[in-house]
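Welcome! Please take a look at the sequence and the 3D structure below, and then follow along as we explore them together.

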Amino acid sequence: MSACREGELDALLAGELSPEDAARVDAHVDTCPACRHALTWLRLERGWMAQRARRTPARPALSFSALEARLARPAIPPWVPLPGSWANWGKMMMAAAATVAFVGLSLMQGGPVPLGDEPRGRDVRMLGEACEDPSGEAVAALEAALGACLVASPVISSR
Amino acid sequence: MALLSAVKMVLAGAPPSDMDRERALLRRARAGDPAAFRTLFERHSPGVWRFLRDLLRDEAAADEATQETFVRAHGRLGALRDQDRLGAWLLGIARHVYLESRRSRGVHVDVDDEEHASRVEAVLPTPTPEDLLLDRELEGLLADALGMLREERRAALLLRIDHGLPYEEISSVMGWSLQKVKNEIHRARLQLREQLAAHVGGRP
């Protein structure tokens with residue numbers, strides 16, 4: 001029978017039907033054993049769930065002070081490059097370290113520090129390539145994405 | 001502003017409804033009032049915890065996921081468009097937290113029996129008034145029966161029968177069409193009843 005729709009019985013119990021629809025469904029239930037049966041089950045489920053909800057145990061997670069403590073934890077800010085001349089400070093530090101290492105190695109080998117245009121040009125070009133390493137930007141992008149996703153909150157531990 | 005609306009309602013002779021109070025609390029919480037956020041937390045956290053416990057089937061994991069849900073909610077209160085749907089919004093965040101937790105734990109256990117579920121309706125017994133009492137044994141059986149449902153289907157059923165969300169809000173939380181929500185909840189109910197039929201009186 002097309003009038004037998006459990007969704008409507010459910011909506012009737014939830015008080016979601018208009019008065020007209022509620023009267024129509026009520027009238028149908030009076031004459032339909034299958035719907036009376038279904039309605040009994042729906043009432044049973046609602047009753048069980050209500051009892052179960054009343055028994056929700058007191059848990060540490062339901063204490064607001066625990067949440068406050070968590071909210072008060074310093075957030076780990078996503079890595080954001082600084083604007084202006086400080087934007088490339090990381091790259092500058094890497095270049096400086098590489099220069100020091102290069103000069104140090106040259107001195108240890110006992111050879112003269114190249115002064116001519118050609119070799120120095122080649123070395124500078126090599127250092128320049130090291131400075132263009134894209135991994136720093138990729139890491140920054142990943143950190144920014146994770147920060148946005150997690151809202152400065154630690155990932156749920158995997159248990 | 002909240003005081004003004006309360007005064008207006010008193011003057012109009014109508015006491016503020018629960019929904020009016022919740023809207024007022026939400027406005028205050030969005031404005032940074034910690035006491036208002038605390039009241040909202042105390043109202044909604046038991047339901048959120050229960051939803052997560054039923055999905056995760058692990059009380060300690062539900063504790064952590066509940067906290068995570070409210071940390072996220074605290075940071076995004078301004079993003080809630082419909083103030084009347086705070087409960088559904090929180091349960092939607094909880095579901096996302098659950099999905100992330102499940103992925104991080106590498107857990108995916110779906111126990112389902114579509115074919116069997118489609119042919120059980122005719123043999124269900126009719127419950128008696130005595131069956132309404134949910135004793136501890138039956139509560140355990142109910143939890144087990146819920147656990148037998150496929151995770152997404154279980155979530156949809158719980159949003160309806162435990163948290164009282166309208167089908168339209170379940171559709172929004174689950175990201176499903178309205179028809180799919182109705183179908184999934186109907187199937188979940190049949191499976192749940194089948195699991196519990198042996199413990200319900202009346203005709204076999």
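B:P46 touches A:T56 and A:L62, leaving aside residues up to four places away in sequence. Keep in mind as you look that this is a predicted model. You will find B:P46 in helix 3 of chain B. Is B:P46 buried, partly exposed or exposed? It counts as partly exposed, because B:P46 has 18 C-beta neighbours inside 10 Å, and a buried residue would need 20 or more. B:P46 also makes a nice lesson in folding: B:P46 and B:T66 are 20 residues apart in sequence, and their C-alpha atoms are 8.9 Å apart in space.

Let's move along the chain to B:R57, which sits in the loop between helix 3 and helix 4 of chain B. Its phi is near 55°, a positive value in a residue other than glycine. For context, most residues other than glycine have a negative phi. B:R57 is partly exposed, because 17 other C-beta atoms lie within 10 Å.

Now for the two chains as wholes. The table sets out their basic make-up.

| Chain | Helices | Strands | Residues | Buried residues |
|---|---|---|---|---|
| Chain A | 7 helices | 0 strands | 159 residues | 11% |
| Chain B | 10 helices | 0 strands | 204 residues | 37% |

Read from the N terminus on, the elements of chain A run α-α-α-α-α-α-α. Chain B follows the pattern α-α-α-α-α-α-α-α-α-α along its sequence. What about contacts between residues that are distant in sequence? In chain A, 67% of the contacts between residues at least 6 apart join residues at least 24 apart. In chain B, residues 24 or more positions apart account for 69% of the contacts with a separation of 6 or more.

Next, where do the chains meet? The contact takes 39 residues from chain B and 33 residues from chain A. On the side of chain B that touches chain A, helix 3, helix 4 (59-76), helix 5 (86-105), helix 7 (136-147) and helix 10 (178-196) each supply at least two residues. Which helix of chain B gives the most to that side? Helix 4 does, with 12 residues. Sorted by class, the side of chain B that touches chain A has 15 nonpolar, 10 polar and 14 charged residues.

Helix 3 of chain A (residues 33-54) is a good place to try a little arithmetic. At 1.5 Å a residue, its 22 residues should span 32 Å, and its end C-alpha atoms are 32 Å apart, so the two values agree. Several residues of this helix are buried, including A:C35, A:W41, A:L44, A:E45 and A:W48. What do the buried residues of helix 3 of chain A pack against? Within chain A, they pack against helix 1 (6-13) and helix 2 (19-31). From chain B, their partners are helix 7, helix 8 (151-161) and helix 10.

Finally, let's turn to the nonpolar core. The largest one has 57 residues, and those with the most contacts inside it are B:L52, B:A65, B:L91, B:A94, B:A156 and B:L159. Helix 3 (residues 34-56) of chain B gives the most to this core, with 9 residues. That brings us back to where we began, as helix 3 of chain B is also the place of B:P46.

Definitions and conventions:
Residues are numbered from 1 along each chain as its sequence is written. Chains are lettered from A and ligands numbered from 1 in the order in which they are written. This is a predicted model: local features need pLDDT of at least 70, side-chain atom pairs count only at pLDDT 80 or more; totals for chains, interfaces and linings use all residues. A nonpolar core is a set of buried Ala, Val, Leu, Ile, Met, Phe, Trp, Tyr and Cys residues joined through C-beta atoms within 7 Å. A residue is buried if 20 or more other C-beta atoms lie within 10 Å of its own, exposed if 12 or fewer, and partly exposed in between; C-beta atoms are placed from the backbone. Helices (H or I, at least four residues) and strands (E, at least two) are DSSP runs, numbered from the N terminus. Two residues are in contact if their C-beta atoms, placed from the backbone, lie within 7 Å. Ala, Val, Leu, Ile, Met, Phe, Trp, Tyr, Cys and Pro count as nonpolar, Asp, Glu, Lys and Arg as charged, and the others, Gly among them, as polar. The expected span of a helix is 1.5 Å times one less than its number of residues.
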